[in-house]
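Welcome! Let us walk through this structure together, starting with its interior and ending at its ligand.

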Amino acid sequence: MKAQIIDGKAVAARLRESLRERITRLTEKGNPPGLAVILVGDDPASRVYVNSKRKTCAALGIYSEEHALPGDIPEQALLELIDRLNADPKIHGILLQLPLPAHLDADKMLERIDPAKDVDGFHPVNVGKMVIGLESFLPCTPAGVMELIKETGISISGKECVVVGRSNIVGKPQAILLLREHGTVTVCHSRTANLQEVCRRADILVAAVGKAEMITADYVKPGAVVIDVGINRTADGKLVGDVHFASVAEVAGWITPVPGGVGPMTIAKLMENTVISAERMK
Ligand code: NDP
């Protein structure tokens with residue numbers, strides 16, 4: 001294998017450890033960081049993510065509470081819960097686990113969260129601040145990806161960066177963060193012509209598509225940094241990314257594994273945002 005592995009587990013562990021002292025300081029002052037997680041319905045993948053967030057909070061001494069709501073909860077009840085959490089001084093971060101059931105408008109719900117408690121960085125106020133370069137909560141997955149790229153020691157400035165995927169939670173904010181670091185950024189999506197050719201230009205390639213092992217070696221420039229955001233389950237239950245790891249690792253310079261790449265960083269960044277929020281509110 002040619003590529004060096006970017007060990008997301010190790011980078012995330014380091015980030016979590018760096019938070020401990022800050023959490024202790026807040027707790028000693030009677031203001032332990034607090035995260036409220038709202039889970040609507042019984043999507044199994046969402047359940048796994050929520051459990052993992054709760055465990056990480058417990059391990060770090062971050063107060064957390066979970067609000068598991070039935071899938072048919074009326075819109076008004078969810079809005080009222082968000083209002084209550086917005087007003088609760090124990091809570092510094094509110095996370096609304098997506099996706100929501102079809103009868104609920106995710107944008108409307110996210111907008112109801114107080115931007116000062118929006119530790120996912122999805123509120124339009126925080127998105128707007130991120131775009132114009134003001135201080136804000138950065139969305140956890142793209143912010144985690146930035147740390148993984150930094151881990152290679154390669155400067156983003158002036159590099160060809162290609163992001164495959166343009167969702168509001170990964171692809172779009174990823175492109176903005178790369179641009180903020182002076183990358184030359186191209187964003188691809190399902191209507192991009194000559195995707196393979198565009199990807200092959202990338203010095204830094206971020207795949208956030210949700211299609212198992214779609215990015216094969218033919219999409220990758222030799223020596224490129226390849227970051228795999230995808231989490232896909234194959235028919236036999238195996239967890240794979242959007243990148244075909246075995247073939248791409250023969251071509252790329254750096255690559256993140258799945259699992260153990262971006263996933264742990266997302267949760268560590270959520271913890272960091274919650275601590276930052278508590279520090280701002282103390
Ligand atoms: P979405 O489904 O919201 O977005 C997928 C994007 O990929 C869309 O912009 C879509 O284009 C594009 N796309 C789909 N098919 C193709 C194709 N054949 N060629 C080019 N582009 C394509 O997904 P998310 O952004 O929410 O998530 C992406 C992946 O990342 C998923 O596997 C998800 O599970 C994972 N994920 C992982 C996280 C982590 O912590 N590691 C966190 C969040 C997500 P269009 O806009 O035109 O439809």
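**Inside the protein**

The largest nonpolar core has 26 residues, and Leu 178, Val 206 and Ile 227 are the ones that touch the most other members. A nonpolar core here is a set of buried Ala, Val, Leu, Ile, Met, Phe, Trp, Tyr and Cys residues joined through side-chain atoms within 4.5 Å, where buried means under 20% relative accessible area, exposed over 50%, and partly exposed in between (1.4 Å probe, protein chains only). Two or more residues of this core come from each of helix 1 (8–28), helix 6 (140–151), strand 5 (160–164), helix 7 (171–180), strand 7 (204–207), strand 8 (225–228) and helix 10. Helix 6 is the biggest contributor to this core, with four residues. Helices (H or I, at least four residues) and strands (E, at least two) are DSSP runs, numbered from the N terminus.

Before going on, please note that this is a predicted model: local features need pLDDT of at least 70, side-chain atom pairs count only at pLDDT 80 or more, and totals for chains, interfaces and linings use all residues. Residues are numbered from 1 along each chain as its sequence is written, and side-chain values use heavy atoms, with hydrogens and water left out.

Back to the core: leaving aside residues up to four places away in sequence, Ile 227 touches Ile 6, Val 145, Leu 148, Ile 149, Leu 205, Val 206, Ala 207, Thr 256 and Val 262 (contact means heavy atoms within 4.5 Å). Another core, of 22 residues, lies apart from the one above, and includes Ala 202, Ile 215, Ala 217 and Tyr 219.

Next, find His 103 in the loop between strand 4 (93–96) and helix 4 (106–112). Is His 103 buried or exposed? With a relative accessibility of 42%, His 103 counts as partly exposed. Its side chain reaches the backbone oxygen of Ile 73 at 2.7 Å, a polar contact (a pair of N or O atoms within 3.5 Å; within protein, one must be able to donate a hydrogen and the other to accept it, and residues adjacent in sequence count only if both atoms are side-chain atoms).

Finally, which residues are closest to the ligand? Of the 22 that surround it, these are Arg 166, Ser 167, Ser 190, Ile 231 and Thr 266, where being near takes a heavy atom within 4 Å. An N or O atom in the side chain of Ser 167 is 2.5 Å from a ligand oxygen, while a polar backbone atom of Ile 231 is 3.1 Å from an oxygen atom of the ligand.
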